[in-house]
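Biologist: I would like to understand how the words in a structural description are earned, rather than just accept them. Could we take them one at a time, with the value beside the rule?

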Amino acid sequence: MASSDQDLVPVLDKDGVRLTVDDAIATVTLTNPTKRNAQSPALWRALTEAGRQLPGTVRVVVLRAEGKSFSAGLDRQAFTPEGFDGEPSFVDLARGADAELDATIAEYQEAFTWWRRSDIVSVAAVQGHAIGAGFQLALACDLRVVADDVQFAMRETSLGLVPDLTGTHPLVGLVGYARALEICVTGRFVAADEAVNTGLANLAVPAGQLDDTVRDLASAVLAAPRDAVIETKALLRGAQDRTYEEQRTAERQSQARRLRDLASVGD
């Protein structure tokens, strides 16, 4: 990551989201620190657009946020009768047809799904509060590096809701059912030490070292051949849905593809 995010010409810069690209590394930055990067449907659409605009050269996507907080979660304006300008309020959505409500939530979820694409490795750099939708956005990434002041919390249940932005699957996969249930239903904070110890985070570092640590991690990912990284990611991602014997077979098939590709290069 030779250039800083601010030095690059943005590919996208709208609704609290900025996308910049520096060769094989793309950086998606949440840019509304005065509101602690609170989230809205407009921000979710911008995140979805950022994923669609990634050039094919990109191998690593870094997700970061300006200010002291990664994201305080859903903007509380969503719960007012007026909602957001130009958007249906959540009250209106709740009173609509089931199919319409389902389609709307599915659209919101798209902002959280593309981070696990097989052709990229996504890394969330998380500082301060990552609450609700902010927690789920960090969980959407493959890897998480956190500052020592991080505070994860899943507050949806305390509001009478459920986490619905794709965070439940990775949360259970990382910490197990019992701890995931406890984190969600209590809404308590998870600090840096617990995040690392339970697998929620890969590393915790002092806040002043967060960006440099993520740069080093991105460089380490780029040091490996792209096709090998893609195959390995797919192999590991599918492991939880396979039996031991099925995973053995998948390993052999993946290795056979890599060996054939390497042999063809030598021909």
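Modeller: Strand β5, residues 121–126, is a good place to begin, since it is mostly covered, with six of its six residues buried. This is a predicted model, in which local features need pLDDT of at least 70 and side-chain atom pairs count only at pLDDT 80 or more, while totals for chains, interfaces and linings use all residues. Residues are numbered from 1 along each chain as its sequence is written, and side-chain values use heavy atoms, with hydrogens and water left out.

Biologist: What makes a stretch a strand, and what makes a residue buried?

Modeller: Strands (E, at least two residues) and helices (H or I, at least four) are DSSP runs, numbered from the N terminus. Buried means under 20% relative accessible area, exposed means over 50%, and partly exposed lies in between, for a 1.4 Å probe and protein chains only. In β5, V121, V123 and A125 point one way, S122, A124 and V126 point the other way, and all of them are buried.

Biologist: How do you know that β4 and β5 pair?

Modeller: Two strands pair if DSSP finds at least two bridges between them. Strand β4, residues 60–65, has four bridges to β5, in the parallel sense, so the rule is met. Among the partners, V62 stands opposite V123, and V61 has S122 as its bridge partner in β5.

Biologist: How do you know that β5 and β7 pair?

Modeller: Four bridges in the parallel sense link β5 to strand β7, residues 143–147, with A124 partnered by R144 and A125 standing opposite V145. β7 in turn pairs with β10 in the parallel sense over three bridges, and V146 has A204 as its bridge partner there.

Biologist: Why is β7 called largely enclosed?

Modeller: Four of the five residues of β7 are buried, so the rest of the structure largely encloses this strand.

Biologist: What makes β1 and β10 the edge strands?

Modeller: The open sheet of seven strands has the order β1-β2-β3-β4-β5-β7-β10, with mixed pairing. β1 (12–14) and β10 (203–205) each pair on one side only, and that is what the word edge records. From one strand to the next the twist averages 20°, an angle between lines fitted to C-alpha atoms (for helices, over the stretch in contact), taken from 0 to 180 degrees between N-to-C directions.

Biologist: Which strands stand at the edges of the three-stranded sheet, and why?

Modeller: That open sheet has the order β6-β8-β9, with mixed pairing. β6 (129–131) and β9 (190–191) each have a single partner strand, so one side of each is left without a neighbour in the sheet. Three bridges join β6 to strand β8, residues 151–153, and the two run parallel, with H129 partnered by Q151.

Biologist: Why is the pair W114 and W115 called stacked?

Modeller: Rings of Phe, Tyr and Trp (its six-membered ring) pair if their centres lie within 6.5 Å, and planes under 30 degrees apart count as stacked, over 60 as edge-to-face and the rest as tilted. A search of the whole structure finds four aromatic pairs. In one of them, W114 and W115 are 3.9 Å apart centre to centre with 20° between the planes, so the pair meets both limits for stacked. Both tryptophans are buried.

Biologist: How do you know that R155 lies over the face of F189?

Modeller: A charge sits over a ring if NZ of Lys or CZ of Arg is within 6 Å of the ring centre and within 35 degrees of the ring normal. R155 is at 4.6 Å from the ring centre of F189 and is found to lie over its face.

Biologist: Why is the count of disulfides zero?

Modeller: A disulfide is a pair of cysteine sulfur atoms within 2.5 Å. The sulfur of C141 is 18 Å from the closest cysteine sulfur, in C184, which is too far for a bond, and the count therefore comes to zero.

Biologist: Why are C141, C184 and R18 each called buried?

Modeller: C141 has 0% relative accessibility and C184 has 11%, so both count as buried. R18, which lies in strand β2, residues 17–22, has a relative accessible area of 11% and is therefore buried as well.
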